[in-house]
Amino acid sequence: MPTIEIADGPLKGWRRWREMDEDGFQCLVGPVYFRDRADGSVECRSPTEARHRNNQGRLHGGYVMSFIDMALFAIAAPALTAHRAVTLTCNTEFLGAGVPGEDIYATGEITRETGKLLFLRGLVTQDGPIASFSGVLRKVTPR
């Protein structure tokens with residue numbers, strides 16, 4: 001999937017998907033940025049806003065789960081050079097409450113890859129853990 005690298009400012013060196021320029025679901029929840037870490041893993045980041053809060057003033061669980069679903073694809077990207085993918089499962093365990101107005105982060109790893117499936121797990125943080133997650137992506141051939 002085509003990406004754009006941020007050239008300057010506080011997000012210099014982070015990337016985002018080119019599709020953010022279009023009018024899709026990702027535009028509704030906000031951008032997800034990602035970068036490669038020195039250890040070969042991928043780190044994801046998303047700014048949070050007041051619109052991402054629940055009735056208790058914390059980050060809404062649905063927003064966190066949407067961020068996780070997008071993070072799965074950034075984490076899986078190194079294994080998807082010849083394929084696209086769709087989410088088969090996305091499991092979330094909430095560990096803490098996030099605060100709107102501060103960026104959230106996700107890191108993770110591919111735990112197993114088969115011919116058609118990628119199994120992943122990871123952690124969402126913001127000054128401490130917010131959620132752990134696991135998911136399965138199915139590779140599909142681009143049209």
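Contact is taken here to mean heavy atoms within 4.5 Å. The structure is a predicted model, in which local features need pLDDT of at least 70 and side-chain atom pairs count only at pLDDT 80 or more, while totals for chains, interfaces and linings use all residues. Residues are numbered from 1 along each chain as its sequence is written, and side-chain values use heavy atoms, with hydrogens and water left out.

A convenient place to start is the loop between strand 5 (84-94) and strand 6, where Pro100 sits. Leaving out residues up to four places away in sequence, Pro100 touches Thr48, Glu49, Ala50, Arg53, Gly57, Arg58 and Leu59. Its C-alpha atom lies 20 Å from that of Glu43, a residue 57 positions away along the chain. The contact with Glu49 also appears from the other side: beyond neighbours within four places in sequence, Glu49 is in contact with Pro100 and Gly101. Glu49 belongs to the loop between strand 4 and helix 2, and it is partly exposed, with a relative accessible area of 36% (buried means under 20%, exposed over 50% and partly exposed in between, with a 1.4 Å probe and protein chains only). Between Glu49 and Leu59, 10 residues apart along the chain, the C-alpha separation is 8.8 Å.

Glu102 is also placed in the loop between strand 5 and strand 6. Glu102 counts as partly exposed, at 34% relative accessibility, and it touches Thr48, Gln126 and Asp127 when residues up to four places away in sequence are not counted. From Glu102 to Ala71, 31 residues apart in sequence, the C-alpha distance is 17 Å. Asp127 itself is found in the loop between strand 7 and strand 8. This residue is exposed, with a relative accessible area of 74%, and its phi is near 55°, a positive value in a residue other than glycine.

Turning to the interior, the largest nonpolar core has 30 residues, and Cys44, Val124 and Leu137 have the most contacts inside it. Such a core is a set of buried Ala, Val, Leu, Ile, Met, Phe, Trp, Tyr and Cys residues joined through side-chain atoms within 4.5 Å. At least two residues of this core come from each of strand 4 (42-46), helix 2 (61-76), strand 6 (104-113), strand 7 (117-125) and strand 8 (129-140). Helix 2 gives the largest share, 11 residues. The contacts of Leu137, apart from residues up to four places away in sequence, include Leu72, Phe73, Ala76, Val86, Leu88, Leu118 and Leu120.

For the chain as a whole, there are two helices and eight strands, where helices (H or I, at least four residues) and strands (E, at least two) are DSSP runs numbered from the N terminus. Their order along the sequence is β-β-α-β-β-α-β-β-β-β. The radius of gyration is 15 Å, which agrees with the value near 15 Å for a compact globule of 143 residues; it is taken over C-alpha atoms, and the globule rule is 2.2 Å times the number of residues to the power 0.38. Along the principal axes, the C-alpha atoms fill a box of roughly 45 × 35 × 30 Å. Of the 143 residues, 39% count as buried. Among contacts with a separation of 6 or more, 53% join residues 24 or more positions apart.
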